[in-house]
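Visitor: Hello! Could you take me on a close look at one part of this protein, and then show me what lies around it?

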Amino acid sequence: MLQRQAEQPLYLQLADHIADDIREGIYASGSKVPSVRKLAQQHGVSISTVTQAYAWLEDQGWISARPQSGYYVRSDIAPDSDERPPLSLGDEPRDVTKGEFINQMLTRINRPATVNLGAAIPHISWLPQRALQTHIQKVSRFQTADVLNYTFSPGVEELRSHIAVRMRDVGVRCLSDDIVVTHGCAEALTLCLRSVTQPGDLVAVESPCYYGFLQIAKMLNLKVIEIPTDPQTGISIDALKLALQQWPIKAIEVSSRYSNPTGCSIPAENQQQLVALAQQYEMPVIEDDIYGDISFPTLRGQKQAVNSVLKTYDKDGWVLYCSSFSKTVAAGLRVGWCIPGRWKNKVIQNQTFTTFSASSLSQYALLSYLQNGHYDRHLRQFRTQAATNMQRFIQAVRDYFPPGTKINEPAGGFILWVALPQGVDAMALHYDALQASIVVTPGDLFSNTEHFSNFIRLSAAVPWNEQTEQALKTLGALAEKQLLGS
(Lines give C-alpha, C1' and ligand atoms only; values in the text may rest on other atoms or scores of the structure.)
Protein backbone atom coordinates (compact mmCIF):
# COMPACT_ATOMS: atom_id res chain seq x y z
CA MET A 1 0.00 0.00 0.00
CA LEU A 2 1.17 3.51 -0.80
CA GLN A 3 1.47 6.13 1.92
CA ARG A 4 -0.79 9.02 1.03
CA GLN A 5 1.34 12.16 1.19
CA ALA A 6 -0.39 15.52 0.98
CA GLU A 7 2.45 17.13 -0.94
CA GLN A 8 2.32 14.74 -3.91
CA PRO A 9 -0.66 13.31 -5.85
CA LEU A 10 -1.22 9.59 -5.38
CA TYR A 11 -0.64 8.78 -9.04
CA LEU A 12 2.81 10.44 -8.89
CA GLN A 13 3.69 8.42 -5.78
CA LEU A 14 2.72 5.27 -7.65
CA ALA A 15 4.65 6.33 -10.76
CA ASP A 16 7.73 7.05 -8.65
CA HIS A 17 7.42 3.61 -7.03
CA ILE A 18 7.27 1.84 -10.41
CA ALA A 19 10.17 3.93 -11.73
CA ASP A 20 12.27 2.87 -8.74
CA ASP A 21 11.44 -0.79 -9.47
CA ILE A 22 12.53 -0.38 -13.09
CA ARG A 23 15.72 1.40 -12.10
CA GLU A 24 16.57 -1.37 -9.62
CA GLY A 25 16.01 -4.05 -12.26
CA ILE A 26 12.82 -5.55 -10.82
CA TYR A 27 11.23 -4.93 -14.21
CA ALA A 28 13.89 -5.58 -16.85
CA SER A 29 14.34 -3.68 -20.08
CA GLY A 30 11.70 -4.78 -22.60
CA SER A 31 9.62 -6.65 -20.01
CA LYS A 32 5.93 -6.15 -19.42
CA VAL A 33 4.83 -4.25 -16.31
CA PRO A 34 1.70 -5.32 -14.37
CA SER A 35 -1.68 -4.68 -15.97
CA VAL A 36 -3.70 -1.68 -14.84
CA ARG A 37 -6.15 -3.86 -12.91
CA LYS A 38 -3.44 -5.94 -11.25
CA LEU A 39 -1.43 -2.91 -10.14
CA ALA A 40 -4.58 -1.30 -8.74
CA GLN A 41 -5.18 -4.42 -6.65
CA GLN A 42 -1.55 -4.62 -5.50
CA HIS A 43 -1.46 -1.06 -4.20
CA GLY A 44 -5.06 -0.58 -3.18
CA VAL A 45 -5.71 2.31 -5.52
CA SER A 46 -8.27 3.01 -8.21
CA ILE A 47 -7.88 2.05 -11.87
CA SER A 48 -7.97 5.78 -12.68
CA THR A 49 -4.92 6.35 -10.44
CA VAL A 50 -2.97 3.58 -12.18
CA THR A 51 -3.97 4.90 -15.60
CA GLN A 52 -2.67 8.36 -14.65
CA ALA A 53 0.56 6.85 -13.28
CA TYR A 54 1.19 4.85 -16.46
CA ALA A 55 0.44 7.91 -18.61
CA TRP A 56 3.00 9.85 -16.57
CA LEU A 57 5.60 7.08 -16.88
CA GLU A 58 5.00 6.96 -20.62
CA ASP A 59 5.48 10.72 -20.90
CA GLN A 60 8.69 10.43 -18.89
CA GLY A 61 10.05 7.79 -21.25
CA TRP A 62 9.97 4.89 -18.79
CA ILE A 63 7.42 2.69 -20.53
CA SER A 64 5.63 2.44 -23.86
CA ALA A 65 2.15 1.16 -24.69
CA ARG A 66 1.55 -1.70 -27.11
CA PRO A 67 -2.01 -1.87 -28.48
CA GLN A 68 -4.07 -4.69 -26.93
CA SER A 69 -0.99 -5.94 -25.09
CA GLY A 70 -0.21 -3.55 -22.24
CA TYR A 71 2.76 -1.49 -21.10
CA TYR A 72 6.42 -2.47 -21.52
CA VAL A 73 9.66 -1.12 -20.11
CA ARG A 74 11.50 0.86 -22.75
CA SER A 75 14.93 -0.35 -23.77
CA ASP A 76 16.55 3.09 -23.60
CA ILE A 77 15.58 4.20 -20.10
CA ALA A 78 18.97 4.00 -18.43
CA PRO A 79 21.23 6.71 -19.86
CA ASP A 80 24.86 5.66 -19.96
CA SER A 81 27.29 8.04 -18.28
CA ASP A 82 29.06 8.32 -21.65
CA GLU A 83 25.98 10.15 -22.94
CA ARG A 84 26.60 13.02 -20.55
CA PRO A 85 28.87 15.98 -21.34
CA PRO A 86 32.33 15.59 -19.79
CA LEU A 87 33.86 17.45 -16.86
CA SER A 88 34.88 20.90 -18.07
CA LEU A 89 38.52 21.96 -18.14
CA GLY A 90 38.44 25.28 -16.30
CA ASP A 91 41.05 27.94 -16.98
CA GLU A 92 43.55 30.35 -15.46
CA PRO A 93 42.63 33.85 -14.21
CA ARG A 94 41.83 36.38 -16.91
CA ASP A 95 39.90 39.56 -17.62
CA VAL A 96 36.36 39.15 -18.94
CA THR A 97 36.65 39.70 -22.68
CA LYS A 98 33.20 38.69 -23.92
CA GLY A 99 31.04 41.50 -22.56
CA GLU A 100 30.23 43.07 -25.93
CA PHE A 101 29.85 39.66 -27.57
CA ILE A 102 27.31 38.63 -24.93
CA ASN A 103 25.35 41.88 -25.39
CA GLN A 104 25.19 41.33 -29.15
CA MET A 105 24.08 37.74 -28.74
CA LEU A 106 21.35 38.64 -26.23
CA THR A 107 19.82 41.00 -28.78
CA ARG A 108 19.41 38.08 -31.16
CA ILE A 109 18.40 35.51 -28.55
CA ASN A 110 15.52 37.66 -27.30
CA ARG A 111 14.23 38.57 -30.75
CA PRO A 112 10.82 37.32 -31.93
CA ALA A 113 11.02 33.92 -33.60
CA THR A 114 8.69 31.14 -34.64
CA VAL A 115 10.28 28.89 -32.01
CA ASN A 116 12.48 30.53 -29.38
CA LEU A 117 14.53 27.91 -27.52
CA GLY A 118 17.22 30.40 -26.57
CA ALA A 119 15.66 32.67 -23.95
CA ALA A 120 15.67 31.18 -20.43
CA ILE A 121 12.20 32.55 -19.71
CA PRO A 122 9.06 30.41 -19.41
CA HIS A 123 6.46 30.85 -22.11
CA ILE A 124 3.69 33.17 -20.99
CA SER A 125 1.23 30.26 -20.99
CA TRP A 126 3.25 28.65 -18.18
CA LEU A 127 2.77 31.65 -15.86
CA PRO A 128 -0.16 32.66 -13.59
CA GLN A 129 -1.31 35.62 -15.69
CA ARG A 130 -4.91 35.89 -14.52
CA ALA A 131 -4.10 35.46 -10.84
CA LEU A 132 -1.41 38.14 -11.02
CA GLN A 133 -3.74 40.48 -12.86
CA THR A 134 -6.30 40.05 -10.08
CA HIS A 135 -3.76 40.81 -7.34
CA ILE A 136 -2.28 43.79 -9.19
CA GLN A 137 -5.78 45.27 -9.49
CA LYS A 138 -6.52 44.46 -5.86
CA VAL A 139 -3.49 46.20 -4.36
CA SER A 140 -3.79 49.10 -6.81
CA ARG A 141 -7.33 49.70 -5.56
CA PHE A 142 -7.02 49.02 -1.84
CA GLN A 143 -3.37 49.92 -1.15
CA THR A 144 -3.00 52.87 -3.50
CA ALA A 145 -0.81 54.93 -1.18
CA ASP A 146 1.57 52.03 -0.62
CA VAL A 147 1.99 51.02 -4.26
CA LEU A 148 2.47 54.61 -5.47
CA ASN A 149 5.02 55.52 -2.82
CA TYR A 150 8.73 54.78 -2.59
CA THR A 151 9.76 51.49 -1.01
CA PHE A 152 13.23 51.63 0.46
CA SER A 153 15.77 48.88 1.05
CA PRO A 154 15.51 46.20 2.41
CA GLY A 155 11.96 46.06 0.99
CA VAL A 156 8.39 45.38 2.18
CA GLU A 157 8.65 43.66 5.55
CA GLU A 158 5.62 41.38 5.09
CA LEU A 159 7.06 40.10 1.82
CA ARG A 160 10.41 39.46 3.50
CA SER A 161 8.65 37.56 6.28
CA HIS A 162 6.91 35.38 3.71
CA ILE A 163 10.22 34.64 1.97
CA ALA A 164 11.80 33.78 5.35
CA VAL A 165 9.08 31.17 5.92
CA ARG A 166 9.63 29.69 2.45
CA MET A 167 13.37 29.40 3.11
CA ARG A 168 12.55 26.83 5.81
CA ASP A 169 11.80 24.40 2.96
CA VAL A 170 15.56 24.10 2.33
CA GLY A 171 16.57 24.20 5.99
CA VAL A 172 17.52 27.88 6.08
CA ARG A 173 16.40 29.51 9.31
CA CYS A 174 16.43 33.25 8.79
CA LEU A 175 14.40 36.29 9.83
CA SER A 176 12.80 38.95 7.68
CA ASP A 177 15.57 41.31 8.78
CA ASP A 178 18.14 39.01 7.16
CA ILE A 179 16.55 39.42 3.71
CA VAL A 180 16.91 42.20 1.14
CA VAL A 181 14.32 42.41 -1.65
CA THR A 182 15.96 43.25 -4.98
CA HIS A 183 15.13 44.23 -8.54
CA GLY A 184 15.31 40.62 -9.74
CA CYS A 185 18.10 38.12 -9.15
CA ALA A 186 20.45 40.10 -11.40
CA GLU A 187 20.47 43.00 -8.94
CA ALA A 188 20.89 40.57 -6.04
CA LEU A 189 24.01 39.11 -7.67
CA THR A 190 25.34 42.56 -8.55
CA LEU A 191 24.82 44.00 -5.07
CA CYS A 192 26.42 40.97 -3.42
CA LEU A 193 29.41 40.90 -5.74
CA ARG A 194 29.96 44.65 -5.40
CA SER A 195 29.79 44.33 -1.61
CA VAL A 196 32.53 41.68 -1.32
CA THR A 197 35.03 42.77 -4.00
CA GLN A 198 37.10 45.67 -5.26
CA PRO A 199 37.99 46.43 -8.91
CA GLY A 200 40.79 44.13 -10.05
CA ASP A 201 39.85 41.30 -7.66
CA LEU A 202 39.71 37.68 -8.79
CA VAL A 203 36.44 35.68 -8.56
CA ALA A 204 36.13 31.89 -8.98
CA VAL A 205 33.19 30.70 -11.10
CA GLU A 206 31.83 27.48 -12.52
CA SER A 207 32.78 26.52 -16.05
CA PRO A 208 30.46 27.08 -17.82
CA CYS A 209 28.60 29.69 -15.78
CA TYR A 210 25.62 32.02 -16.18
CA TYR A 211 26.62 34.62 -18.77
CA GLY A 212 24.98 37.38 -16.73
CA PHE A 213 27.59 36.86 -14.05
CA LEU A 214 30.34 37.39 -16.61
CA GLN A 215 28.65 40.66 -17.59
CA ILE A 216 28.49 41.76 -13.95
CA ALA A 217 32.17 40.88 -13.44
CA LYS A 218 33.06 42.91 -16.54
CA MET A 219 31.04 45.88 -15.30
CA LEU A 220 32.79 45.77 -11.90
CA ASN A 221 36.24 45.36 -13.52
CA LEU A 222 36.84 41.94 -11.96
CA LYS A 223 38.87 39.00 -13.22
CA VAL A 224 37.45 35.48 -13.25
CA ILE A 225 38.98 32.03 -12.94
CA GLU A 226 36.86 29.18 -14.26
CA ILE A 227 36.87 26.03 -12.14
CA PRO A 228 36.32 22.56 -13.69
CA THR A 229 32.67 21.63 -13.31
CA ASP A 230 30.80 18.35 -13.63
CA PRO A 231 27.52 18.75 -15.55
CA GLN A 232 25.79 16.55 -12.99
CA THR A 233 27.37 17.38 -9.60
CA GLY A 234 28.59 20.90 -10.20
CA ILE A 235 31.84 22.65 -9.35
CA SER A 236 34.81 20.40 -8.53
CA ILE A 237 35.63 20.84 -4.85
CA ASP A 238 39.15 19.46 -5.32
CA ALA A 239 39.86 21.83 -8.20
CA LEU A 240 38.47 24.72 -6.18
CA LYS A 241 40.78 23.83 -3.26
CA LEU A 242 43.80 23.93 -5.58
CA ALA A 243 42.71 27.26 -7.03
CA LEU A 244 42.31 28.77 -3.56
CA GLN A 245 45.82 27.62 -2.71
CA GLN A 246 47.35 29.01 -5.91
CA TRP A 247 45.48 32.24 -6.61
CA PRO A 248 44.36 35.31 -4.58
CA ILE A 249 40.66 34.58 -5.02
CA LYS A 250 38.39 37.04 -3.25
CA ALA A 251 34.97 35.45 -3.84
CA ILE A 252 33.29 32.34 -5.26
CA GLU A 253 30.12 32.31 -7.37
CA VAL A 254 28.13 29.09 -7.88
CA SER A 255 24.64 27.85 -8.68
CA SER A 256 23.59 25.28 -6.11
CA ARG A 257 20.57 23.72 -7.89
CA TYR A 258 19.67 23.26 -11.55
CA SER A 259 22.45 25.50 -12.80
CA ASN A 260 22.21 27.63 -15.91
CA PRO A 261 23.41 26.31 -18.35
CA THR A 262 24.36 22.75 -17.30
CA GLY A 263 21.37 21.92 -15.09
CA CYS A 264 23.72 20.46 -12.45
CA SER A 265 22.99 20.35 -8.74
CA ILE A 266 25.64 20.29 -6.04
CA PRO A 267 25.09 17.25 -3.77
CA ALA A 268 24.53 17.99 -0.09
CA GLU A 269 27.92 16.51 0.87
CA ASN A 270 29.69 18.77 -1.64
CA GLN A 271 27.68 21.75 -0.42
CA GLN A 272 28.96 21.16 3.10
CA GLN A 273 32.54 20.86 1.84
CA LEU A 274 32.23 24.10 -0.10
CA VAL A 275 30.86 25.97 2.92
CA ALA A 276 33.69 24.53 5.04
CA LEU A 277 36.18 25.90 2.49
CA ALA A 278 34.52 29.30 2.71
CA GLN A 279 34.90 29.25 6.48
CA GLN A 280 38.50 28.05 6.27
CA TYR A 281 39.55 30.78 3.83
CA GLU A 282 37.08 33.38 5.18
CA MET A 283 35.80 33.56 1.64
CA PRO A 284 32.42 34.97 0.57
CA VAL A 285 30.36 32.61 -1.59
CA ILE A 286 27.65 34.09 -3.80
CA GLU A 287 24.99 31.44 -4.31
CA ASP A 288 22.59 31.70 -7.25
CA ASP A 289 19.48 29.56 -6.65
CA ILE A 290 17.07 31.16 -9.12
CA TYR A 291 15.87 27.76 -10.45
CA GLY A 292 15.68 26.15 -7.01
CA ASP A 293 11.86 26.09 -6.83
CA ILE A 294 11.60 24.06 -10.06
CA SER A 295 12.45 20.60 -8.75
CA PHE A 296 10.92 17.73 -10.72
CA PRO A 297 8.37 15.44 -9.00
CA THR A 298 10.23 12.46 -10.49
CA LEU A 299 12.77 11.90 -13.24
CA ARG A 300 13.42 8.37 -14.41
CA GLY A 301 13.62 6.98 -10.91
CA GLN A 302 15.74 9.79 -9.51
CA LYS A 303 14.53 11.48 -6.37
CA GLN A 304 14.64 15.24 -6.12
CA ALA A 305 18.36 15.79 -6.52
CA VAL A 306 19.00 18.18 -3.65
CA ASN A 307 16.73 19.59 -0.96
CA SER A 308 19.30 21.91 0.54
CA VAL A 309 21.39 24.89 -0.53
CA LEU A 310 24.77 26.21 0.53
CA LYS A 311 23.03 28.66 2.86
CA THR A 312 21.54 25.65 4.70
CA TYR A 313 25.00 24.87 6.14
CA ASP A 314 26.21 28.46 6.58
CA LYS A 315 26.49 29.26 10.28
CA ASP A 316 28.83 32.26 10.05
CA GLY A 317 27.34 34.35 7.25
CA TRP A 318 29.90 33.59 4.53
CA VAL A 319 27.23 32.61 1.96
CA LEU A 320 25.31 35.37 0.15
CA TYR A 321 22.19 33.60 -1.11
CA CYS A 322 20.36 35.03 -4.16
CA SER A 323 17.08 34.03 -5.81
CA SER A 324 14.00 35.43 -7.54
CA PHE A 325 10.40 34.79 -8.60
CA SER A 326 11.28 35.69 -12.20
CA LYS A 327 11.45 32.10 -13.50
CA THR A 328 8.25 30.88 -11.84
CA VAL A 329 5.83 33.81 -11.52
CA ALA A 330 6.74 36.63 -13.93
CA ALA A 331 10.05 38.02 -15.13
CA GLY A 332 8.51 41.46 -15.59
CA LEU A 333 7.68 41.84 -11.89
CA ARG A 334 11.44 42.01 -11.23
CA VAL A 335 11.21 40.78 -7.65
CA GLY A 336 14.19 38.88 -6.29
CA TRP A 337 15.95 38.75 -2.97
CA CYS A 338 19.22 37.98 -1.25
CA ILE A 339 20.31 36.86 2.19
CA PRO A 340 23.74 38.54 2.32
CA GLY A 341 24.88 37.35 5.74
CA ARG A 342 27.63 39.49 7.23
CA TRP A 343 27.43 41.88 4.25
CA LYS A 344 23.77 42.82 4.79
CA ASN A 345 24.42 46.44 5.78
CA LYS A 346 26.74 46.98 2.83
CA VAL A 347 24.20 45.49 0.40
CA ILE A 348 21.47 47.76 1.78
CA GLN A 349 23.74 50.77 1.50
CA ASN A 350 24.63 49.96 -2.11
CA GLN A 351 20.98 49.41 -3.02
CA THR A 352 19.75 52.58 -1.26
CA PHE A 353 21.89 54.79 -3.47
CA THR A 354 21.07 52.99 -6.72
CA THR A 355 17.53 51.56 -7.05
CA PHE A 356 16.10 52.09 -3.52
CA SER A 357 14.38 48.67 -3.83
CA ALA A 358 12.19 46.68 -6.21
CA SER A 359 9.01 48.32 -7.51
CA SER A 360 6.44 48.98 -4.77
CA LEU A 361 3.59 47.76 -6.97
CA SER A 362 5.46 44.53 -7.78
CA GLN A 363 6.25 43.81 -4.13
CA TYR A 364 2.70 44.36 -2.87
CA ALA A 365 1.12 42.44 -5.77
CA LEU A 366 3.46 39.49 -5.24
CA LEU A 367 2.82 39.55 -1.49
CA SER A 368 -0.91 39.41 -2.10
CA TYR A 369 -0.41 36.49 -4.49
CA LEU A 370 1.75 34.57 -2.01
CA GLN A 371 -0.60 35.18 0.92
CA ASN A 372 -3.48 33.41 -0.81
CA GLY A 373 -1.59 30.15 -1.35
CA HIS A 374 -1.65 30.52 -5.12
CA TYR A 375 2.09 30.08 -5.49
CA ASP A 376 2.30 26.55 -4.09
CA ARG A 377 -0.58 25.37 -6.29
CA HIS A 378 1.04 26.99 -9.30
CA LEU A 379 4.42 25.44 -8.47
CA ARG A 380 3.00 21.92 -8.42
CA GLN A 381 1.64 22.38 -11.92
CA PHE A 382 4.76 24.18 -13.14
CA ARG A 383 7.08 21.44 -11.87
CA THR A 384 5.06 18.70 -13.53
CA GLN A 385 4.96 20.62 -16.80
CA ALA A 386 8.70 21.32 -16.68
CA ALA A 387 9.55 17.67 -15.95
CA THR A 388 7.31 16.40 -18.74
CA ASN A 389 8.69 18.87 -21.26
CA MET A 390 12.28 18.11 -20.27
CA GLN A 391 11.82 14.43 -21.05
CA ARG A 392 10.22 15.26 -24.37
CA PHE A 393 13.17 17.50 -25.27
CA ILE A 394 15.70 14.88 -24.18
CA GLN A 395 14.01 12.21 -26.25
CA ALA A 396 13.81 14.52 -29.27
CA VAL A 397 17.52 15.31 -29.03
CA ARG A 398 18.27 11.58 -28.90
CA ASP A 399 16.01 10.94 -31.86
CA TYR A 400 16.99 13.82 -34.15
CA PHE A 401 20.50 15.01 -33.29
CA PRO A 402 23.67 13.45 -34.76
CA PRO A 403 25.22 10.37 -33.13
CA GLY A 404 27.73 11.42 -30.50
CA THR A 405 25.53 14.20 -29.12
CA LYS A 406 25.70 14.26 -25.32
CA ILE A 407 23.18 15.68 -22.87
CA ASN A 408 22.78 15.93 -19.14
CA GLU A 409 19.47 15.03 -17.47
CA PRO A 410 18.78 17.68 -14.82
CA ALA A 411 16.51 17.00 -11.87
CA GLY A 412 14.91 20.43 -12.07
CA GLY A 413 14.71 23.70 -13.96
CA PHE A 414 14.01 23.90 -17.67
CA ILE A 415 17.50 24.26 -19.15
CA LEU A 416 19.08 21.54 -21.31
CA TRP A 417 22.84 21.62 -21.99
CA VAL A 418 23.72 19.86 -25.23
CA ALA A 419 27.26 18.85 -26.29
CA LEU A 420 27.26 18.41 -30.06
CA PRO A 421 29.84 16.16 -31.77
CA GLN A 422 33.25 17.63 -32.47
CA GLY A 423 33.06 19.26 -35.86
CA VAL A 424 29.80 21.10 -35.19
CA ASP A 425 30.21 24.86 -34.73
CA ALA A 426 27.50 26.05 -32.33
CA MET A 427 27.79 29.67 -33.51
CA ALA A 428 27.26 28.60 -37.12
CA LEU A 429 24.35 26.45 -35.99
CA HIS A 430 22.89 29.47 -34.19
CA TYR A 431 22.99 31.53 -37.39
CA ASP A 432 21.64 28.69 -39.53
CA ALA A 433 18.78 28.23 -37.07
CA LEU A 434 17.92 31.94 -37.23
CA GLN A 435 17.35 31.55 -40.95
CA ALA A 436 14.71 28.96 -40.05
CA SER A 437 13.24 31.32 -37.39
CA ILE A 438 14.55 29.14 -34.56
CA VAL A 439 16.58 30.63 -31.72
CA VAL A 440 19.15 28.67 -29.70
CA THR A 441 21.93 29.89 -27.41
CA PRO A 442 25.52 28.95 -28.36
CA GLY A 443 27.75 27.66 -25.57
CA ASP A 444 30.39 30.35 -26.05
CA LEU A 445 28.21 32.80 -24.10
CA PHE A 446 28.69 30.87 -20.88
CA SER A 447 32.46 30.97 -20.62
CA ASN A 448 35.33 33.40 -20.90
CA THR A 449 37.17 30.62 -22.78
CA GLU A 450 36.54 28.88 -26.10
CA HIS A 451 35.93 25.46 -24.52
CA PHE A 452 32.23 25.27 -25.41
CA SER A 453 32.18 26.11 -29.10
CA ASN A 454 30.29 22.87 -29.87
CA PHE A 455 27.67 23.29 -27.10
CA ILE A 456 24.20 24.82 -27.18
CA ARG A 457 21.69 25.60 -24.45
CA LEU A 458 18.01 24.87 -25.04
CA SER A 459 15.11 26.21 -23.00
CA ALA A 460 12.38 23.58 -22.59
CA ALA A 461 9.88 26.03 -21.07
CA VAL A 462 7.84 26.33 -24.26
CA PRO A 463 4.61 24.63 -25.33
CA TRP A 464 5.26 21.15 -26.69
CA ASN A 465 3.60 20.81 -30.08
CA GLU A 466 4.38 19.78 -33.65
CA GLN A 467 6.11 23.09 -34.29
CA THR A 468 8.47 22.65 -31.31
CA GLU A 469 9.27 19.06 -32.25
CA GLN A 470 9.89 20.09 -35.86
CA ALA A 471 12.25 22.84 -34.66
CA LEU A 472 14.33 20.29 -32.77
CA LYS A 473 14.31 18.02 -35.80
CA THR A 474 15.52 20.94 -37.94
CA LEU A 475 18.31 21.72 -35.47
CA GLY A 476 19.48 18.12 -35.61
CA ALA A 477 19.46 18.17 -39.41
CA LEU A 478 21.46 21.43 -39.47
CA ALA A 479 24.05 19.95 -37.11
CA GLU A 480 24.23 16.78 -39.23
CA LYS A 481 24.71 18.91 -42.34
CA GLN A 482 27.74 20.60 -40.73
CA LEU A 483 29.28 17.20 -39.98
CA LEU A 484 28.73 15.95 -43.51
CA GLY A 485 30.28 19.12 -44.93
CA SER A 486 33.36 19.07 -42.70
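Visitor: By class, how many nonpolar, polar and charged residues does the lining of the second largest pocket have?

Guide: Happy to help! Please keep in mind that this is a predicted model. By class, the lining of the second largest pocket has 16 nonpolar, eight polar and four charged residues. The space in this pocket comes to about 620 Å³. In all, 28 residues line the pocket, and the closest to its centre are Ala186, Tyr210, Tyr211, Lys327 and Arg334. If you want to find the pocket on your screen, those five names are a good place to begin. As for how such spaces are found, rolling a probe the size of a water molecule over the atoms shows where empty space is left.

Now for the elements around the pocket. Helix H4 (99-109), helix H8 (184-196) and helix H9 (211-219) are the elements that give two or more residues to the lining. H9 gives the most, with five residues.

Let us follow H8 away from the pocket. H8 packs against helix H12 (residues 344-352) at an angle of about 115°, and their axes lie 9 Å apart. The crossing of these two helices is right-handed. On the H8 side, the contact is made by Glu187, Leu191, Cys192, Arg194 and Ser195. On the H12 side, the residues are Lys346, Val347, Asn350 and Gln351. Sorted by class, this contact has three nonpolar, three polar and three charged residues.

Next, the loops on either side of H9. Pro208 sits in the loop between strand E6 (202-207) and H9. The peptide bond from Ser207 to Pro208 is cis, with omega near 0°. On the other side, Asn221 has its place in the loop between H9 and strand E7 (223-230). Phi of Asn221 is near 60°, which is a positive value in a residue other than glycine. Leaving aside residues up to four places away in sequence, Asn221 touches Pro199 and Gly200. By contrast, the C-alpha atoms of Asn221 and Ala15 are separated by 50 Å, and these two residues are 206 residues apart along the chain.

Why point these out? Most residues other than glycine have a negative phi, and most peptide bonds are trans.

Another loop, between strand E9 (249-255) and helix H11 (268-281), holds two more such places to look at. Pro261 is in this loop, and the peptide bond from Asn260 to Pro261 is cis, with omega near 20°. Tyr258 has its place in the loop between E9 and H11 as well. Although Tyr258 is not a glycine, its phi is positive, at about 55°.

Let us end our tour at a sheet further along the chain. Four strands form this open sheet, in the order E13-E14-E17-E16, and the pairing is antiparallel. Strand E13 (406-407) and strand E16 (441-442) are the edge strands, each pairing on one side only. Within the sheet, strand E14 (residues 415-419) runs antiparallel to strand E17 (residues 455-459), and five bridges join them. You can pick out one pair of facing residues here: Ile415 stands opposite Ser459 in E17. Helix H14 (residues 374-400) packs on the sheet and touches E13, E14 and E17. The direction of H14 makes about 15° with that of E14.

Terms used. Residues are numbered from 1 along each chain as its sequence is written. This is a predicted model: local features need pLDDT of at least 70, side-chain atom pairs count only at pLDDT 80 or more; totals for chains, interfaces and linings use all residues. Side-chain values use heavy atoms; hydrogens and water are left out. On a 1 Å grid over the protein atoms alone, a cavity is a set of points where a 1.4 Å probe fits but cannot get out, and a pocket is an open set with protein on both sides within 12 Å along at least five of seven lines; lining residues have an atom within 4 Å of a point. Grid points are joined across faces, edges and corners, and a volume is the space filled by probe spheres set on the points. Ala, Val, Leu, Ile, Met, Phe, Trp, Tyr, Cys and Pro count as nonpolar, Asp, Glu, Lys and Arg as charged, and the others, Gly among them, as polar. Two strands pair if DSSP finds at least two bridges between them. Contact means heavy atoms within 4.5 Å. Axes are lines fitted to C-alpha atoms, for helices over the stretch in contact, and angles run from 0 to 180 degrees between N-to-C directions. A crossing is left-handed if the near helix is turned anticlockwise from the far one by less than a right angle, and right-handed if clockwise.
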